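Trainee: I am new to this model and would like a close look at a single part of the chain. Please take me through the part where the prediction is least easy to rely on, and then set it against the rest.

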Amino acid sequence: MPSTDTDALAIEATDLRKTYGDEIALDGVSLSIPTGTVYGFLGPNGAGKTTTMRLLTGLSKPTSGTVRVCGTAVDDRRAVVPHLGYLPETPPLYEEFSAREQLEYTAELRDIPREAAEDRIAEFLDEFDLAADADKRIGTYSKGMKQKTAFIQAVLHDPDVVFLDEPTSGLDPRAARGLRESIVGLAERGTTVFLSTHILPVVEAVADEVGVLFEGRVVAEGTPAELTARAETGSGGSLEDAFLAVTGGESAERDRVGARAESESEPGDESESKPGDESESEPGDESGSTGVGAARSTPTGDGGADE
Ligand SMILES: Nc1ncnc2c1ncn2[C@@H]1O[C@H](COP(=O)(O)OP(=O)(O)OP(=O)(O)O)[C@@H](O)[C@H]1O
């Protein structure tokens, strides 16, 4: 495991709360994620994972609490954006562009010199089996091809921290394995990866550390092996058992696993709450190339800032 020295933290979130009207979506989430970690972020539908990622990337403002990425306050957009890459659940892609045009556009926004960008784009297109289709319109792509394009877009500028929301969505098994290998490769080069997914074997395969979010609170945190061991009931345990135990299985079991997780790894605030579903201000334009979704505006994606 990487060091937990505060200076070496890639992501530091303190007591994040987010409300939508009367509803509480996040209720005191604190995270300390060391540089170079692959952090698997799990939670049932509506637990607040996307909300957390939008706060961590500065695309949405917390009701209270603070976020620092690579030591920089995330609301200092100009300073923090070069450190970040973000693959949102609905990737921001221009359907009328080809993958190559989309990535060239991203490179321009990210101030990557043209020649270096062309080489890098060509390498990525090869790596993800997109080279043959790179000049076709994204509107004609399959979901998996769009997903690969969006992943490349998120990491093209070699960010220090990359946030991935369901990155293997729509990928066939071979492509999903390739993407898992890319995640491991990113981490080996020192990139911190914040990975939100419902696909537990992906987390088991790549994550150094796992956080489980439930009703807007981190209810368990530890390595996949630690969480699995805590969930063991005598018949062997799995990350799925651990997930189910802390996210709405038997309440006694949840208390048992969660309490052990708390005492061992100090997750966030534990006050009572329910997530909410009231509407927030509309996502907006990411002008000034300050958006982590890379595109200046996001016609088909949700990478836009909302405040
Ligand atoms: N813009 C918004 N306006 C109102 N409520 C919202 C908004 N965004 C999220 N919420 C609410 O906040 C809660 C957390 O939503 P969020 O999308 O973060 O969950 P999630 O864990 O990412 O879910 P999933 O796994 O289904 O993607 C939900 O109750 C949701 O309805």
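Mentor: Over residues 250–257 the pLDDT stays under 50, pLDDT being the predictor's confidence in each residue, from 0 to 100. The model has 10 contacts beyond four places in sequence for residues 250–257; two residues are in contact if their C-beta atoms, placed from the backbone, lie within 7 Å. Residues 259–301 also have pLDDT below 50, with 123 contacts in the model beyond near neighbours in sequence. Where pLDDT is low, the predicted coordinates should not be read in detail.

This is a predicted model, in which local features need pLDDT of at least 70, side-chain atom pairs count only at pLDDT 80 or more, and totals for chains, interfaces and linings use all residues. Residues are numbered from 1 along each chain as its sequence is written.

For the protein chain, the mean pLDDT is 81, and 77% of the residues reach 70 or more. Of its 307 residues, 48% count as buried, that is, with 20 or more other C-beta atoms within 10 Å of their own (exposed means 12 or fewer, partly exposed in between). Leu 186 counts as buried because it has 21 C-beta neighbours inside 10 Å. Leaving aside neighbours within four places in sequence, Leu 186 is in contact with Val 155, Val 162, Thr 191 and Val 193. Val 212, with the same neighbours left aside, has contacts that include Leu 42, Phe 243 and Val 246. Among contacts in the protein chain with a separation of 6 or more, 69% join residues 24 or more positions apart.
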